[in-house]
Amino acid sequence: MTSEPSTAPSTEPRVVVVTGAASGIGHATAALFRDQGATVYGLDIQPTVPEGVQYVECNVGDRASVDAAIEVCAAHGRIDVLANVAGVVQFGRFDQISDAEWDRVHAVDLKGPFMLIQAALPHLRACTGNIVNVSSVAGRIPQPYAVAYAAAKGGLTQLTKSLALELSPEGIRVNAVCPGTVDTPIVSHVATIMPSDLDPRVSDRLLMMLPGPAIAPAEIGEAIVYLASPAARMITGEILAFDGGMG
Ligand SMILES: NC(=O)c1ccc[n+]([C@@H]2O[C@H](COP(=O)([O-])OP(=O)(O)OC[C@H]3O[C@@H](n4cnc5c(N)ncnc54)[C@H](O)[C@@H]3O)[C@@H](O)[C@H]2O)c1
């Protein structure tokens with residue numbers, strides 16, 4: 001009689017990769033996974049990841065940089081969780097978006113997660129790991145004056161749902177969170193680049209105008225940690241919005 005392979009969960013600490021871990025939502029998320037005892041790699045272009053998180057320099061918009069970073073993170077032979085948090089924002093009138101700006105936003109916000117998932121997939125398969133992407137409310141509902149950003153985040157939302165279906169036979173889950181306004185440096189940056197003469201007929205659709213106080217980065221981090229946990233084992237292809245009901 002042949003013995004069945006063990007289905008007992010690994011007792012090793014989970015290996016978690018968080019992009020954008022030097023600031024805002026990524027920083028909070030990396031710290032939460034660390035506090036759970038995971039081995040956490042923080043990928044970013046800046047080194048200011050939380051204490052106890054291993055910094056790996058990575059430009060998520062560059063294939064060679066992504067491949068090199070994932071190779072470092074795969075030292076344990078597996079990746080349990082990939083959290084694609086790194087992102088850049090764009091605001092301004094549509095007719096003023098340059099090719100370079102369109103490409104910059106799409107390289108980081110859409111092609112970055114695509115390349116990270118491709119690089120991490122063999123290591124996610126090694127432990128039936130899972131993926132959480134940080135999209136945006138702008139990836140679910142129209143966002144005037146941020147068309148390049150909304151197009152990239154809309155692409156990330158559909159990437160999440162489509163890939164979730166493709167990987168579901170393997171048990172690899174893919175989910176996304178769609179934050180509204182979160183209290184991070186990205187928001188103060190938006191305030192400096194927002195056009196001053198917005199058309200009042202559409203300006204009330206701006207995400208900056210969500211009801212209530214801004215969301216704390218750790219509130220989004222808690223949701224990422226939950227979606228990545230065994231407690232969410234039946235959840236895949238889910239797009240979890242933090243929009244105060246606007247969507
Ligand atoms: N703050 C919000 O209101 C809000 C709302 C919706 C969605 N989001 C999304 O949340 C994510 C995190 O944003 P945040 O608010 O924490 O912003 P943040 O600016 O505080 O953090 C973004 C992090 O991404 C890193 N980063 C930028 N370009 C990179 C690159 N090419 N390679 C590697 N790292 C790079 C930055 O260095 C920074 O550490 C982004 O994807 C953003 O689009 C934020």
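A residue is buried here if 20 or more other C-beta atoms lie within 10 Å of its own, exposed if 12 or fewer, and partly exposed in between, with C-beta atoms placed from the backbone. Hold on to that for strand E6.

Two housekeeping points. Residues are numbered from 1 along each chain as its sequence is written. This is a predicted model: local features need pLDDT of at least 70, side-chain atom pairs count only at pLDDT 80 or more, and totals for chains, interfaces and linings use all residues.

Confidence next. pLDDT is the predictor's confidence in each residue, from 0 to 100. The protein has a mean pLDDT of 92, and 93% of its residues reach 70 or more. Residues 1-7 are below 50, and beyond near neighbours in sequence this stretch has 0 contacts in the model. A contact means that the C-beta atoms of two residues, placed from the backbone, lie within 7 Å.

Now to E6. The element names are DSSP runs, numbered from the N terminus: helices are H or I with at least four residues, strands are E with at least two. Strand E6 covers residues 173-179, and 7 of its 7 residues are buried. Arg173, Asn175, Val177 and Pro179 point one way from E6. Val174, Ala176 and Cys178 point the other way, and all of these are buried too.

Which strands pair with E6? Two strands pair if DSSP finds at least two bridges between them. Strand E5, residues 130-134, runs parallel to E6 over 5 bridges. In that pairing, Val134 stands opposite Val177. From E5 the chain crosses through helix H4, residues 147-167, to E6, and this β-α-β crossover is right-handed. Right-handed means this: with the strands pointing away from the viewer, the path from the first strand over the helix to the second runs clockwise. Strand E7, residues 239-242, is joined to E6 by 4 bridges, again in parallel. There, Pro179 has Phe242 as its bridge partner.

Move to strand E2, residues 39-44. Of its 6 residues, 5 are buried, so E2 is largely enclosed by the rest of the structure. Strand E1, residues 15-19, pairs with E2 in the parallel sense over 5 bridges. Val17 faces Tyr41 there. The route from E1 to E2 goes through H1, and this β-α-β crossover is right-handed. E2 also runs parallel to strand E3, residues 54-57, with 4 bridges between them. Gly42 stands opposite Tyr55 in that pair.

Next, the ligand. Near means that a residue's C-beta atom, placed from the backbone, lies within 6 Å of the molecule. There are 29 residues around the ligand, and Gly20, Ser23, Gly24, Gly87 and Thr184 come nearest. Which helices supply at least two residues each to the shell? Helix H1, 24-35, and helix H5, 185-193, both do. By type, the shell has 16 nonpolar, 12 polar and 1 charged. For that count, Ala, Val, Leu, Ile, Met, Phe, Trp, Tyr, Cys and Pro are nonpolar, Asp, Glu, Lys and Arg are charged, and the others, Gly among them, are polar.

Two valines next. Val85 sits in the loop between strand E4, 81-84, and helix H3, 99-125. Buried or exposed? Val85 is buried, because 29 other C-beta atoms lie within 10 Å. Leaving out residues up to four places away in sequence, Val85 touches Val18, Thr19, Gly20, Ile25, Gly26, Thr29 and Val134. Ser135 is 50 residues from Val85 in sequence, and 8.1 Å away in space, C-alpha to C-alpha.

Val88 is also in the loop between E4 and H3. Val88 counts as partly exposed, because 19 C-beta neighbours lie inside 10 Å. With the same sequence cut, up to four places, Val88 touches Arg104, Val105, Val108 and Asp109. Val88 and Val16 are 72 residues apart along the chain, and their C-alpha atoms are separated by 22 Å.

Last, two backbone angles. Thr128 is not a glycine, yet its phi is positive, about 50 degrees. Thr128 is in the loop between H3 and E5, and is partly exposed, with 14 C-beta neighbours inside 10 Å. Tyr145 has a positive phi too, near 65 degrees, and is likewise a residue other than glycine. Tyr145 lies in the loop between E5 and H4. Tyr145 is buried, with 22 other C-beta atoms within 10 Å.
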